[in-house]
Amino acid sequence: MKVYVLFFIIMFSSCKNEQEIKKDIKVENQKELIVYDFNELEPLLNIQDDKTYVVNFWATWCAPCVKELPYFETLNKEYKSKDVEVLLVSLDFPNQYDKRLKPFIAKHELRSKVVALNDVDSNSWIPKISEEWTGAIPATIIYNKSKRQFYEQSFNYSELKTEVDKFLN
């Protein structure tokens, strides 16, 4: 009897450990999605260092947003050496993070930092981002320690590059 119990315990423990290992591997291969409320996001909109920041507000359900994302990705790649950092702030609904947003990030192989903003009090935080913002997306902030500009528009790559270059001169 003791042998059978010991055998069962060893087998159960082995299966559990194997499942935990598989779970850990899956998590390592999956891009983590950081979810912020506005108070947590706000410091990322006001960093005072030597970099220029490009913060794009977008969602997977917004066709103009999706169309311009490759331009932000190209900018992120080509301007990294110029101390430019791109942050993509998803405004997707929380119930869509697993079904839509995470698969979108993986499918499109987004390399820019992506965070999700989950804060229902948009009437409070939208004017804190810009008094000019009606809440429409896509919307973008470009800023550094000496200059800040808000854009409620879509960009092509040339337009985006032109605006960022204004911050680097």
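Trainee: Where in H3 does the kink lie, and before which proline?

Mentor: This is a predicted model. In it, H3 bends by about 30° at Leu-69, shortly before the proline Pro-70.

Trainee: How many residues does helix H3 have, and what span should they give?

Mentor: Helix H3 covers residues 63-79, which is 17 residues. At 1.5 Å a residue they should span 24 Å, and the end C-alpha atoms are 25 Å apart, so the two values agree.

Trainee: Which residues of H3 are buried?

Mentor: Start with the general idea. An α-helix has 3.6 residues a turn, so residues three or four places apart point the same way. Now the case here: the buried residues of H3 are Cys-65, Glu-68, Leu-69, Phe-72, Glu-73, Leu-75, Asn-76 and Tyr-79. Leu-69, where the kink lies, is one of these buried residues.

Trainee: What do the buried residues of H3 pack against?

Mentor: Their partners are three strands, S2 (52-58), S3 (84-90) and S5 (139-143), and two helices, H4 (97-107) and H6 (157-168).

Trainee: How many helices and strands does the protein have, and what pattern do they follow?

Mentor: There are six helices and six strands. Along the sequence they run α-β-α-β-α-β-α-β-α-β-β-α.

Trainee: What share of contacts joins residues at least 24 apart?

Mentor: Count the contacts between residues at least 6 apart in sequence; 70% of them join residues at least 24 apart. As for burial, 37% of the 169 residues count as buried.

Trainee: Take one residue of strand S2, Trp-58. Is Trp-58 buried or exposed?

Mentor: Under 20% relative accessible area counts as buried. Trp-58 has 0%, and is therefore buried.

Trainee: Which residues does Trp-58 touch?

Mentor: Leaving out residues up to four places away in sequence, the contacts of Trp-58 include Cys-65, Leu-69, Leu-88, Leu-91, Leu-101, Phe-104, Val-114 and Ile-137. With Leu-69, the C-alpha to C-alpha distance is 8.6 Å, at 11 residues apart in sequence.

Trainee: Ile-137 is on that list. Where is Ile-137 placed?

Mentor: Ile-137 sits in the loop between H5 and S5. A loop position does not settle burial by itself, so read the accessible area: at 17%, Ile-137 is buried. Beyond its neighbours within four places in sequence, Ile-137 is in contact with Phe-57, Trp-58, Ala-59, Trp-61, Cys-62, Cys-65 and Leu-91. Ile-137 and Pro-64 are 73 residues apart along the chain, yet their C-alpha atoms are separated by 8.2 Å.

Trainee: What is the form of the peptide bond from Ile-137 to Pro-138?

Mentor: That bond is cis, with omega near 10°. Pro-138 also lies in the loop between H5 and S5.

Trainee: Which strand holds Ile-142, and what does Ile-142 touch?

Mentor: Ile-142 lies in strand S5. With a relative accessible area of 0%, Ile-142 is buried. Apart from residues up to four places away in sequence, Ile-142 touches residues including Thr-52, Tyr-53, Val-54, Tyr-151, Glu-163, Val-164 and Phe-167. Val-86 is 56 residues from Ile-142 in sequence and 9.3 Å away in space, C-alpha to C-alpha.

Trainee: What is phi of Asp-83, and what is phi of Glu-109?

Mentor: Phi of Asp-83 is near 60°, a positive value in a residue other than glycine. Asp-83 lies in the loop between H3 and S3, and at 40% relative accessibility counts as partly exposed. Phi of Glu-109 is near 50°, also a positive value in a residue other than glycine. Glu-109 lies in the loop between H4 and strand S4 (113-117), and with a relative accessible area of 52% is exposed.

Trainee: What is the volume of the largest pocket, and which residues are closest to its centre?

Mentor: The volume is about 260 Å³. The pocket is lined by 15 residues, and the closest to its centre are Leu-91, Phe-93, Asp-119, Ser-122 and Trp-125.

Trainee: Which helix gives the largest share of that lining, and what classes of residue make up the lining?

Mentor: Helix H5 (residues 122-129) gives the largest share, three residues. By class, the lining has 10 nonpolar, three polar and two charged residues.

How values were computed:
Residues are numbered from 1 along each chain as its sequence is written. This is a predicted model: local features need pLDDT of at least 70, side-chain atom pairs count only at pLDDT 80 or more; totals for chains, interfaces and linings use all residues. Side-chain values use heavy atoms; hydrogens and water are left out. On a 1 Å grid over the protein atoms alone, a cavity is a set of points where a 1.4 Å probe fits but cannot get out, and a pocket is an open set with protein on both sides within 12 Å along at least five of seven lines; lining residues have an atom within 4 Å of a point. Grid points are joined across faces, edges and corners, and a volume is the space filled by probe spheres set on the points. Helices (H or I, at least four residues) and strands (E, at least two) are DSSP runs, numbered from the N terminus. Ala, Val, Leu, Ile, Met, Phe, Trp, Tyr, Cys and Pro count as nonpolar, Asp, Glu, Lys and Arg as charged, and the others, Gly among them, as polar. The expected span of a helix is 1.5 Å times one less than its number of residues. The bend at a residue is the angle between axes fitted to the seven residues ending there and the seven starting there. Buried means under 20% relative accessible area, exposed over 50%, partly exposed in between (1.4 Å probe, protein chains only). Contact means heavy atoms within 4.5 Å.
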